[in-house]
Amino acid sequence: MNRGITLHRAVKLKPVLQAAVALLVLFSLLNLFAMYSKPTATIDVFQPRPTVGKVMMIYGNNTIYQRAVETHKAHCLKQGYPLFLLQRQVVDGVWNKLAYLIYLIVQELQKPPEERLEWLFWADSDTILTNPNIRLETFLPPPQLTDVHLVLTKDWNGMNAGVFPIRVHPWSISFLSAAVGYPIMNPDATLFWAEQSAMVRVLSEREELAQSVVYVPLRWFNAYMASPDGESLNPDASEDLQFHPGDLLVHFPGTGSANLNKTMGPYFNIADSHRPSWELPVEETVYPAETAKFWRSYSAKHGIEYPNMTSVEGGMPSAGP
């Protein structure tokens, strides 16, 4: 069985050759995904044209991940988002994640501007969507922040790239390509977290790319599990990182495959129960006010005017100080 094409070899090359190889890899990836990728769209033709799409990948026969993806499909169906789901391993391992995003962004940029998605929202398959009432736009930067192209979160280990939105823009191709090509250009580098470590390295070494990245509170769209039963907070962990009622989703990074069913089971029960206390309307959550406060502060720090508008919709300012 084809398990994907290997992207990275620890071969020392001259810088010019390394760059040429990296470009060759990029173009090869685009051709491979054009052959094997079949994005699925769950768009209601009666809803307005979406500007955000969700991206995930799952291959193999892991029923837990398949069940997790179903929670995201329901969210996409409710909110009118296309879901791009990679179900075949095209390149080796987790590098499919960045390569698939490159492919999708290139596909969108080929369209007329008025037909393009504006953002892609990546979610790892070990995430459970728990509140389908929250739109992804809730967490995006407001329209005047045109130079913000990637929104990330951090935990005690630094960046966690399990869930993040990235703008459909040439910047994103440059960044993702640099991350995919990092092991080729730096064959002696140790990348403990593979593609995530490559993303960290690129941003630490390329200021012209790093200045378009913003880190937001992890709980916005990348909350970690709370208590084992999911019903209360874990007093031994940071509350700011834990899943609360009404949050968009819960993420289980670092959970071994042997423990997935036991660990994620209670949270599947929460998602399947559709209790009003967990599926809060977005205006009853902390996020309209919290995101507006964050982006207002960010705008002020960078000398950008922040309009005083009232809205609970993501990406738009809210009234008040």
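**Exercise 1. Two helices meeting**

Take helix α3 (residues 95-109) and helix α5 (residues 195-205), which pack at an angle of about 60° with their axes 8 Å apart. Work out what to call this arrangement, and which residues make the contact.

*Solution.* Keep in mind that you're looking at a predicted model.
- Step 1: start with the angle, about 60° between α3 and α5. Angles under 35 degrees count as roughly parallel, and 65 to 115 as roughly perpendicular. The angle here fits neither range, so α3 is oblique to α5.
- Step 2: look for the residues that touch. From α3 you get W95, K97 and L98, and they meet E195, A198 and M199 of α5.
- Step 3: sort the contact residues by type. Four are nonpolar, two are charged and none is polar.

**Exercise 2. Zooming in on E195**

Decide whether E195 is buried or exposed, and list what it touches further along the chain.

*Solution.*
- Step 1: find the residue, which sits in helix α5.
- Step 2: check its relative accessible area, which is 7%. Buried means under 20%, so E195 is buried.
- Step 3: skip the neighbours within four places in sequence. What's left for E195 is contact with V94, W95, K97 and L98.
- Step 4: now try A194, in the loop between α4 (170-185) and α5. At 21% relative accessibility, A194 counts as partly exposed. A194 also has a positive phi of about 55°, although it isn't a glycine.

**Exercise 3. A strand with two partners**

Describe the surroundings of strand β3 (residues 119-123): is it enclosed or not, and which strands does it pair with?

*Solution.*
- Step 1: count the buried residues. Five of the five residues in β3 are buried, so the strand is largely enclosed by the rest of the structure.
- Step 2: split them by direction. W119, F121 and A123 point one way, while L120 and W122 point the other way, and all of them are buried.
- Step 3: find the partners. Strand β1 (residues 52-57) pairs with β3 in the parallel sense over four bridges. Strand β7 (residues 163-167) pairs with β3 in the antiparallel sense over five bridges.
- Step 4: follow L120. This residue is the bridge partner of G53, and L120 also has I166 in β7 as a bridge partner.

**Exercise 4. A loop residue**

Find out where L117 lies, and which residues it contacts beyond its sequence neighbours.

*Solution.*
- Step 1: L117 lies in the loop between α3 and β3.
- Step 2: its relative accessibility is 7%, so L117 counts as buried.
- Step 3: leave out the neighbours within four places in sequence. L117 then contacts R49, P50, T51, V52, G53, P82, F84, E108 and V168.
- Step 4: pick R49 from that list. It's 68 residues away from L117 along the chain, yet their C-alpha atoms are separated by 8.8 Å.

**Exercise 5. The whole protein, and how far to trust it**

Sum up the fold in numbers, then say where the pLDDT is below 50.

*Solution.*
- Step 1: the protein has eight helices and nine strands, and buried residues make up 50% of its 321 residues.
- Step 2: among contacts with a separation of 6 or more, 77% join residues 24 or more positions apart.
- Step 3: mean pLDDT is 86, with 81% of residues at 70 or more. Residues 9-13 fall below 50, and that stretch has six contacts beyond near neighbours in sequence. Residues 316-321 are below 50 too, with 24 such contacts in the model.

Key. Residues are numbered from 1 along each chain as its sequence is written. This is a predicted model: local features need pLDDT of at least 70, side-chain atom pairs count only at pLDDT 80 or more; totals for chains, interfaces and linings use all residues. Side-chain values use heavy atoms; hydrogens and water are left out. pLDDT is the predictor's confidence in each residue, from 0 to 100. Contact means heavy atoms within 4.5 Å. Axes are lines fitted to C-alpha atoms, for helices over the stretch in contact, and angles run from 0 to 180 degrees between N-to-C directions. Angles under 35 degrees count as roughly parallel, over 145 as roughly antiparallel, 65 to 115 as roughly perpendicular and the rest as oblique. Ala, Val, Leu, Ile, Met, Phe, Trp, Tyr, Cys and Pro count as nonpolar, Asp, Glu, Lys and Arg as charged, and the others, Gly among them, as polar. Buried means under 20% relative accessible area, exposed over 50%, partly exposed in between (1.4 Å probe, protein chains only). Two strands pair if DSSP finds at least two bridges between them.
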